[in-house]
Number of protein chains: 2
Amino acid sequence: MLRRLYSVPVQHLTKSVRSQFTSAQTIDVESLVPNEYEAPCMKTPVPGPRSKALCADLDDVNANIGHVHFFVNYEASRGNYIVDADGNVLLDLFTQISSVPLGYNHPNLIQVMMDPNNMASLVNRPAFGNFPSTDWPETVRNALISVAPPGMRYVQPMMCGACSNEHGYKAIFMAYQRNKRGGLPPTQEEMDSSVHNMLPGSPKLSLLSFTNAFHGRTTACLSNTHTKWFHKLDFPTFDWPCAPFPKLRYPLEEFQRENDAEEDRCLEQVQDLMEKAEKKGEPVAGIVVEPIQAEGGDNHASGRFFRELQKIAKKNGAALMIDEVQTGCGPTGKFWAHEHWDLPQPPDVVCFSKKMQTGGFYFTEEMKPTSADSYRIFNTWMGDPTKLLLLREVINVIKSQNLLENVVVAGEHLQGGLSGLQRAHPNKLENCRGLGTFVAIDLRNGKMRDEVVKSLRNEGFIVGACGERSIRFRPALVCQKHHISMFLDQFEKEILSLP
Amino acid sequence: MLRRLYSVPVQHLTKSVRSQFTSAQTIDVESLVPNEYEAPCMKTPVPGPRSKALCADLDDVNANIGHVHFFVNYEASRGNYIVDADGNVLLDLFTQISSVPLGYNHPNLIQVMMDPNNMASLVNRPAFGNFPSTDWPETVRNALISVAPPGMRYVQPMMCGACSNEHGYKAIFMAYQRNKRGGLPPTQEEMDSSVHNMLPGSPKLSLLSFTNAFHGRTTACLSNTHTKWFHKLDFPTFDWPCAPFPKLRYPLEEFQRENDAEEDRCLEQVQDLMEKAEKKGEPVAGIVVEPIQAEGGDNHASGRFFRELQKIAKKNGAALMIDEVQTGCGPTGKFWAHEHWDLPQPPDVVCFSKKMQTGGFYFTEEMKPTSADSYRIFNTWMGDPTKLLLLREVINVIKSQNLLENVVVAGEHLQGGLSGLQRAHPNKLENCRGLGTFVAIDLRNGKMRDEVVKSLRNEGFIVGACGERSIRFRPALVCQKHHISMFLDQFEKEILSLP
């Protein structure tokens, strides 16, 4: 069947096109992705015997693959459903660590990859910094600039989330030093000493981050990451300031006074740490923060908190960088999570990756390098044209199918269902929280959480874990109420069976 | 014409298939890529008016693009010839900073991207660490393990060169600390302190690199990079030890005694710096080195130097990591440049990217993480399946067309021609050097070099610059004698016209 999907030109998603695909199963609700499965269908526990055999095979050449969950038949996966190596069909509410915007094998994306006009991008990997393709400016506009955060008009594509953050950091350091020089060019001493990692060219500057933050696995990103030991152990890092991220009580609206106080406590610490860093001679050039701490446990803060954070940054001459690698591209119901905050001015840098298919960062006029700065934010590939082609179509589908609205509707259904279960089982579930379908809920402890995640998987539902005891939901933007209803039914059974 | 190339299934490269493609021009010599242009063909200076207009367009959304050389019509580019936005046809001896193994629009790569069996890889971007595809182990074997450096049997795919180095470094740090613990698990104190970037969990460890080294643009890579100020200025880095890289005299065989002495001087410094680092409490966990320093000026060292370097690393309990990002995948006439050295044991880590299409690193049994180390070398994507599919076919073509042998033949022709010009113009050219087609030659000074590079481009020949005054050649593996003869003819004219 799917082979046919790959060989028939698929037009824009309409009913008439959808009827080209015959399904063995019928779907009650009109699906946003044609030819989805009707429901999970399990044949073996997960990982099944074939996944286990493949795991041994991969371990022989890749080593250290305890992190593999199971092997996937991507050809057979469709929409919100992932099919594993053993033929199990699972509803995927985690979507490759939140990286699949339109579900699996979306026909529009297949069409993009089959379009002969795009073949040159598929087989010729350019060094975009030196030799961009003639269609690159237009593709950057259509794919990236068309969804630029409000007030931001520049973008630098990159390869992955960590690279995006690393280069976003560099843009911040450059802007900080540029301001310090007051328009003068760097001195010869600065240029020469930089090559030897010495002052003044390689300055003592820092970036402030937060407890439980996760920003990536390369060295500067790791220096700002404060989640789990296995992300960090044995790696040299910078001793940069780390402020407490607010620990709020949920539901937020019921604890506003306590939460405001907690946020104020954290904001005071931010200001205090910035002053200390200045005195120590390692001033804070930028504050780096996730809109919702994801790996760290789906920790929320209010719009007020981020507005105040921006004020502190500006007061201290530091940039504010929002790491939207996991929150960007729609899962909170707005394209960018920071759009929920009503910031009076845009952030200075916004990084992205995952659902966006490509890494990169947006930046403001103030962050714009000068004409003397060419080759300073640079590497060989600076992105990948095939990913921008996919992103362009992802954005088309998000707009034409009103997927942000779908996220809001599906998210309300998910949060409503989970809140109901939490009210019914207050000793087993707590802290249901979320924006759109970017949702999490806490079990009593990590062991119980892990058991529920595993049991759900064996029943055909993939969810993620984060923090100490949270389950996180990261469905595709095409996840609908009927998918969530199936999950909630199963989740209730799991909760009922807990001691 | 090219549209036809993209829509007709192309079989393995044979004469009968090549005759499917009618060329308006005839090629005297049998080309390794069908339907190549016959020679450069220039209509405007480069960048031409259309490139300039596109540059203004891109600058409006990307900013800071002084590094753009010209815009490329990738669809019209073929084999060794790149076609720019203004319709100029140029012989490309730089190939996207050494990143194009088979030239442009190679029919075998087009076929891979058109194969419906590969469509699932094109439209479904997996988080390989958690959810690998069923064909992943086999693809990793066929694409990466089939060309593993001698004695190395494990590989970790990554996204780009810098990420590959960063994670290779992490593997080295982990192995170093694992050895230090003597088989014991990390202590609770180590685990807890690592999250806060504190000792002992975030240890004071260093990596030793060399003057003029280039290892990438992320923070740890930058700490090991010592090329030009604009790669480094304003960015905080680690103050890690940097040893002198040998400054050899060329041709190497004529100056063996002087060069041996220079290498010994550098090796002594390495040992000395490692002792100093140990005393300072920031021991060297690994030595990181390029087989031929590329960005730094195409600086060579002998096999003896690298064998001695390996001895020093072993004696001091440090790993030896070879950064083959630019040298790997054949341009030196062997698949890996370090195969020229007759190392008694394999290096501990070998990193790659560029021509390999994907980033990643090979590692030895000693570097292999334990089962307790899962999720420590990890990120969301850990490579890209589409790039491994391309690499698999690149390797097929390299083998079936004996491209390493072609590189040796073409390289002898290039080096022979340049040496002849150098002998004829000793006051203008010096230091011709190279392995295979990985070749460089020096002009009298940087200004003259820049002028020659620019003039060559306007005549239809792309070469690269590196170091202070070098021209570097990085042709595709399908570059042949007849291409090089055309270049040499033009190069002689340029040299003759120099004052």
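**Close-ups of a predicted two-chain model**

**View 1. Helix H17 of chain B checks out for length.** With 17 residues at 1.5 Å a residue, H17 (residues 481–497) of chain B should span 24 Å, and its end C-alpha atoms do sit 24 Å apart, so the two figures agree. This is a predicted model, so keep that in mind for every view here. Look along H17(B) for its buried residues: His482(B), His483(B), Ile484(B), Phe487(B), Leu488(B), Gln490(B), Phe491(B), Glu494(B) and Ile495(B).

**View 2. Ser98(B) and its neighbours.** Ser98(B) belongs to helix H4 (residues 95–98) of chain B. Is Ser98(B) buried or exposed? Its relative accessible area is 0%, so Ser98(B) counts as buried. Leaving aside residues up to four places away in sequence, Ser98(B) touches Gln326(B), Lys354(B), Lys355(B) and Arg474(B). With Lys355(B) there is also a side-chain to side-chain polar contact of 3.0 Å.

**View 3. Nonpolar cores.** The largest nonpolar core takes in 172 residues, and Tyr362(A) and Tyr362(B) have the most contacts inside it. A second core, separate from that one, has 66 residues, including Phe361(A), Ile172(B), Val349(B) and Phe363(B).

**View 4. How the two chains are related.** A turn of 180° with a shift of 0.0 Å along the axis lays chain B on chain A, with an RMSD of 0.0 Å. That is how a two-fold axis relates its copies. Which C-alpha of chain B is nearest the axis? It's the one of Thr219(B), 2.9 Å away from it. Both copies use the same surface, as 100% of chain B's contact residues turn up again in chain A.

Key. Residues are numbered from 1 along each chain as its sequence is written. Chains are lettered from A and ligands numbered from 1 in the order in which they are written. This is a predicted model: local features need pLDDT of at least 70, side-chain atom pairs count only at pLDDT 80 or more; totals for chains, interfaces and linings use all residues. Side-chain values use heavy atoms; hydrogens and water are left out. A nonpolar core is a set of buried Ala, Val, Leu, Ile, Met, Phe, Trp, Tyr and Cys residues joined through side-chain atoms within 4.5 Å. Buried means under 20% relative accessible area, exposed over 50%, partly exposed in between (1.4 Å probe, protein chains only). Helices (H or I, at least four residues) and strands (E, at least two) are DSSP runs, numbered from the N terminus. A polar contact is a pair of N or O atoms within 3.5 Å; within protein, one must be able to donate a hydrogen and the other to accept it, and residues adjacent in sequence count only if both atoms are side-chain atoms. Contact means heavy atoms within 4.5 Å. The expected span of a helix is 1.5 Å times one less than its number of residues. Copies are superposed by least squares on the C-alpha atoms of residues with pLDDT of at least 70 in both.
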